[in-house]
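These are my notebook entries on a structure I wanted to look through, from its strands to the surroundings of its ligand. I wrote them down in the order in which I looked things up.

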Amino acid sequence: MKDQADSYVTDDGRTIGPVVMEMKNITLRFGGVEAIKDISFDIREGEIRAIIGPNGAGKSSMLNVISGFYVPQEGEVWYKGAKRPPMKPFQVAQQGIARTFQNIALFEGMSVLDNVMTGRLTHMESGLLGQSIWKGKAEAEEIANREVAEKIIDFLEIQAIRKTPVARLPYGLKKRVELARALAAEPTILLLDEPMAGMNVEEKEDMSRFVLDVNDEFGTTIALIEHDMGVVMDLSDRVVVMDYGRKIGDGTPDEVRNNQEVIDAYLGVAHD
Ligand SMILES: Nc1ncnc2c1ncn2[C@@H]1O[C@H](COP(=O)(O)OP(=O)(O)OP(=O)(O)O)[C@@H](O)[C@H]1O
């Protein structure tokens, strides 16, 4: 096992840094339902980290704990070497954690560009009051934000539709716009909630390529939930496997693939 402070280079030449986020003994309950049971794992800088598991395993709940939507009853979230105090999702976002949603959550009537610009909100310093007092600063900020948005639009190859209202786009492109909006926040950690759900094979290939390119080009750490096992095994450096709220596996795709408990969970072997 590598030390938490160590960096290492992957077989494909990417540098994986020290631990940037650590979940320590997280337990999350909804009334009598224990969605997450005493789970610990870490995420390293520059890593593509997957969370997988059968339906109802607790994957979305875990992503929601990371992004601050849910506060666990037990356990600690450590980020950049410090214990994270309870905070609201927008504060978590301001700390550099951006996400996409399982069900696309875009402003359908707005253009692609305007949707991507909303991803810059956490970076906008001059609020409405500031803008009315000091127009120059607000304008400079707007230009800088637009440059970032345009760079990401180019990177994800959606220039041709930048003025198109999102409502008119096919599903796969909407998913890409959602990725663009999350990236516009220039996050330290990008959380992807089933980025390939509902996609056809070609759309999945495109999305996989973009996820890898984002990680490679921007060095973004990525944590993702995904049902498509093929995709997960191809993309990820390490995989956490959940089942009925418990962690039943954690390791490289090969380690996880050969873990008997994981195989049983996916084959639906009965539980005690
Ligand atoms: N807001 C909620 N209120 C009550 N129970 C919830 C809530 N969210 C999730 N649960 C329960 O917690 C458990 C884990 O659900 P979760 O959605 O995290 O699983 P999942 O692995 O993401 O599932 P799927 O792959 O089907 O999306 C389930 O039993 C679910 O019914």
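How many bridges join strand β3 to β4, and do the two run parallel or antiparallel? I looked this up before anything else, keeping in mind that this is a predicted model. I found 8 bridges between β3, which spans residues 19–30, and β4, and the two strands run antiparallel.

Entry on the hairpin. I noted that β3 and β4 form a hairpin with 2 residues between them, and that G31 in the turn has a positive phi of about 55°. Looking across the pair, I saw that R29 stands opposite E34 in β4.

Entry on the sheet. I then followed the pairing outward and found an open sheet of 4 strands in the order β4-β3-β6-β7, with antiparallel pairing. The edges are held by β4 and β7 (82–83), each of which has a single partner strand, so one side of each is left without a neighbour in the sheet. As a reminder to myself, strands of a sheet pair through backbone hydrogen bonds, either parallel or antiparallel.

Entry on the ligand. Which residues lie around the ligand? I listed F30, V33, A35, G53, N55, G56, A57, G58, K59, S60 and S61. The elements that give two or more residues to this shell are β4 (33–44) and α1 (59–66), and α1 supplies the largest share, with 3 residues. When I sorted the shell by class, I counted 4 nonpolar, 6 polar and 1 charged residues.

Entry on α1. Because α1 contributes to the ligand shell, I checked its burial too. 7 of its 8 residues are buried, so α1 is largely enclosed by the rest of the structure. The buried ones are K59, S61, M62, L63, N64, V65 and I66. α1 is followed by G68, whose phi is positive, near 85°.

Entry on the core. Which residues touch the most other members of the largest nonpolar core? In this core of 61 residues, I found that V116 and A180 do. Helix α6, covering residues 171–184, provides the largest share of this core, with 6 residues. I went on to the contacts of A180 and, leaving aside its neighbours within four places in sequence, I noted V116, I152, I153, L156 and I158.

Entry on S7. Is S7 buried, exposed or partly exposed? S7 has 13 C-beta neighbours inside 10 Å, and it counts as partly exposed because a residue needs 20 or more to be buried and 12 or fewer to be exposed. S7 is found in the segment before β1 (8–9). Not counting residues up to four places away in sequence, S7 touches T15, I16, G17 and P18. I also looked up the separation between S7 and A265, which are 258 residues apart along the chain, and their C-alpha atoms are separated by 32 Å.

Entry on the whole chain. I ended with the overall picture, in which the chain has 10 helices and 12 strands. The radius of gyration is 19 Å, close to the 19 Å that the globule rule gives for 272 residues, so the chain is as compact as a globular protein of that length. Taken along the principal axes, the C-alpha atoms fill a box of roughly 65 × 40 × 40 Å. Of the 272 residues, 35% count as buried. Among the contacts with a separation of 6 or more, 67% are accounted for by residues 24 or more positions apart.

Methods: Residues are numbered from 1 along each chain as its sequence is written. This is a predicted model: local features need pLDDT of at least 70, side-chain atom pairs count only at pLDDT 80 or more; totals for chains, interfaces and linings use all residues. A nonpolar core is a set of buried Ala, Val, Leu, Ile, Met, Phe, Trp, Tyr and Cys residues joined through C-beta atoms within 7 Å. Two residues are in contact if their C-beta atoms, placed from the backbone, lie within 7 Å. A residue is near a molecule or strand if its C-beta atom, placed from the backbone, lies within 6 Å of it. Ala, Val, Leu, Ile, Met, Phe, Trp, Tyr, Cys and Pro count as nonpolar, Asp, Glu, Lys and Arg as charged, and the others, Gly among them, as polar. Two strands pair if DSSP finds at least two bridges between them. The radius of gyration is taken over C-alpha atoms; the globule rule is 2.2 Å times the number of residues to the power 0.38.
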